[in-house]
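User: Please take a close look at a single part of this model and at the loop leading into it. After that, go on to the side-chain pairs and the sulfur atoms.

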Amino acid sequence: MNMIINGYQIREKIYESSQSFIYRGYRDQDNLPVIFKTIKESYPNSITLSQFKQEYEILKNLNFPGVIKTYGLEQYQNSLVIILEDFGGVPLNFLLNQKLLTLKECLEICLKIVDSLADIHRADIIHKDINPTNIIIQPETQQVKLIDFGISTQLSSEDASLCDPNLIEGTLAYMSPEQTGRMNRKIDYHTDFYSLGVTFYEMLTGQLPFTTDDPIELVHFHLAKQPVSPHQVNPEIPPIISSICLKLLTKTAEERYQSAEGVKADLTKCLAEITKNSTIKNFVLGQKDISEKFQIPQKLYGREEEIKSLIDSFEKVMQGQNEMVLVSGYSGIGKSVLIKEINPIITQKRGYFITGKFEQFKRDIPYSSVIQACQELVYQLLTECDQKINQWRQEILTALGINGQVIIDVIPEIEQIIGPQPEIPQLEATQAQNRFNLVFQNFLKVFTKAQHPLVIFLDDLQWAD
């Protein structure tokens with residue numbers, strides 16, 4: 001190992017992720033065992049460095065038994081290294097790969113995770129990546145600590161952005177529906193309960209609730225598919241344990257547990273019964289589940305008919321029709337929120353949802369909203385894998401022929417996909433307009449197919465030029 005940090009000795013690399021290296025070593029002054037976490041890139045950008053510093057600041061302020069301690073942040077060449085405690089633990093996924101845990105072991109470990117979540121939630125931290133690799137257990141003392149606060153948020157809630165599933169922050173198999181950016185909901189501490197539910201499910205059954213190699217399909221499962229009950233996978237699991245797990249895995253945050261204390265109370269009751277009687281009787285869940293935080297539910301109420309109309313229109317489009325829907329109402333009444341309620345079904349059909357907004361003071365710019373929406377579409381395409389981008393390149397070039405520059409002139413970002421295009425001949429105004437209309441329609445037709453339908457949301461139509 002070539003990395004040298006003053007005052008420390010580095011012995012071995014123990015883990016490598018897509019973004020970081022983890023090493024084990026000790027501190028010179030007292031031989032204290034420590035863990036080193038460093039950025040994988042040799043020349044990380046300012047955003048990566050800022051996130052790394054934020055992780056250190058969060059850990060420094062979370063002085064709880066169930067959270068890994070930090071001893072410092074060190075500069076190394078062009079990068080940074082976080083010095084963490086080494087309490088001799090191993091990741092939970094290491095234990096799960098060795099054997100199927102007993103029900104008592106599952107309950108004991110889960111209770112310790114819940115205690116840690118209670119502490120960080122009281123500190124207004126959302127972890128956002130609870131999964132077995134970020135849960136460390138000391139095999140002898142059974143002490144449990146949470147690690148990896150790299151994408152954690154020091155807020156009561158935040159918006160999730162819509163992007164390619166491969167680029168979403170977090171671990172997709174353990175991710176809550178709202179964290180995928182396709183749920184029309186803000187991310188708050190409930191997201192950690194969903195991820196805990198996936199982890200608990202895996203501990204109980206030895207498998208994940210949803211398995212697929214297709215990221216888009218996995219997102220759809222999180223949004224819409226109900227997992228098989230744990231006791232149906234493993235008959236030795238009492239139905240009440242299944243009920244707790246499935247309550248954590250509810251699609252809408254409002255229907256999950258509302259507090260770590262509520263989860264803890266139900267798990268504690270189960271552990272006491274299994275220890276005393278070897279069986280667990282059914283009981284009403286959530287009797288002590290009282291949220292300490294005041295939060296207005298994000299669920300949309302009283303708009304069932306309007307949502308059904310939107311979904312019906314989308315279904316007609318999937319059958320080959322074209323549909324245009326106009327949504328009217330006063331400013332701030334919730335039109336945009338209503339529209340985004342169809343995001344899950346668009347994801348299910350592998351469609352694209354793009355938005356453009358007409359501006360009162362940009363009425364002199366033709367097609368401004370449509371162009372804005374198409375720019376968003378290009379940004380989504382650019383986040384996909386190289387194979388998919390190459391496929392789009394061929395389809396777009398076939399549709400545009402020698403007129404690719406017509407689209408580049410209004411959507412410059414498309415050049416990143418199709419490359420530089422030949423100059424187009426100058427035409428008089430009417431002919432140029434007709435050429436633009438034809439080429440632009442051909443461009444949009446590339447994306448309006450049964451295997452990937454396109455929904456365009458144009459906001460504030462009253463300001464159209």
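Analyst: A polar contact is a pair of N or O atoms within 3.5 Å; within protein, one must be able to donate a hydrogen and the other to accept it, and residues adjacent in sequence count only if both atoms are side-chain atoms. The model is predicted, so local features need pLDDT of at least 70 and side-chain atom pairs count only at pLDDT 80 or more, while totals for chains, interfaces and linings use all residues. Residues are numbered from 1 along each chain as its sequence is written, and side-chain values use heavy atoms, with hydrogens and water left out.

One such contact joins the side chains of Glu 178 and Arg 256, at 2.9 Å. Glu 178 sits in the loop between strand S9 (157–158) and strand S10 (187–188); helices (H or I, at least four residues) and strands (E, at least two) are DSSP runs, numbered from the N terminus. With a relative accessibility of 3%, Glu 178 is buried (buried is under 20% relative accessible area, exposed over 50%, partly exposed in between, with a 1.4 Å probe and protein chains only).

The part to examine is helix H9, which runs over residues 304–318. H9 has 15 residues, and from its first C-alpha to its last it reaches 21 Å, close to the 21 Å expected at 1.5 Å a residue (the expected span is 1.5 Å times one less than the number of residues). The buried residues in H9 are Ile 307, Leu 310, Ser 313 and Phe 314. Viewed along the axis of H9, these buried residues fall within an arc of 125 degrees, so they line one face of the helix; the arc is that of the directions from the helix axis to the C-beta atoms. An α-helix has 3.6 residues a turn, so residues three or four places apart point the same way. Glu 304, Glu 305 and Lys 308 are exposed on the other side of H9. The cover over the buried residues of H9 includes helix H10 (335–339), helix H11 (343–348) and strand S12 (454–459). After H9 comes Gly 320, with a positive phi near 110 degrees.

The loop between H8 and H9 holds Leu 300, and Gln 287 lies in that loop too. Leu 300 is partly exposed, at 21% relative accessible area. Apart from neighbours within four places in sequence, Leu 300 is in contact (heavy atoms within 4.5 Å) with Arg 185, Ile 307, Val 337, Leu 338 and Glu 341. One of these partners, Ile 307, is among the buried residues of H9. Another, Val 337, is 37 residues from Leu 300 in sequence, and their C-alpha atoms are 8.3 Å apart. Gln 287, by contrast, is exposed at 56% relative accessibility. A polar atom of the Gln 287 side chain lies 3.0 Å from the backbone oxygen of Val 284. The C-alpha atoms of Gln 287 and Asp 266 are separated by 8.3 Å, with their positions 21 residues apart along the chain.

H8 spans residues 260–277, and a charged pair leads from H8 to another helix. Arg 122 and Glu 261 form a salt bridge, with the closest N and O atoms 2.7 Å apart (a side-chain nitrogen of Lys or Arg within 4 Å of a carboxyl oxygen of Asp or Glu). Arg 122 belongs to helix H3 (residues 103–122) and Glu 261 to H8, so this pair ties together parts that are 139 residues apart in sequence. Both ends are partly exposed: Arg 122 at 46% and Glu 261 at 29%.

The structure has 19 salt bridges. Another of them pairs Glu 16 with Lys 40, at 2.8 Å between the closest N and O atoms. Glu 16 lies in strand S1 (residues 8–16) and Lys 40 in the loop between strand S3 (33–39) and helix H1 (46–61), so parts 24 residues apart in sequence are tied together. Glu 16 is partly exposed at 40%, as is Lys 40 at 29%. Lys 99 and Glu 105 also form a salt bridge, at 3.3 Å from N to O. Here too the ends are partly exposed, with Lys 99 at 46% and Glu 105 at 26%.

The sulfur atoms come last. There are zero disulfides in the structure (pairs of cysteine sulfur atoms within 2.5 Å). For Cys 245, which is in no disulfide, the nearest cysteine sulfur is that of Cys 110, 8.2 Å away. Cys 245 is buried at 0% relative accessibility, and Cys 374 is likewise buried at 0%.
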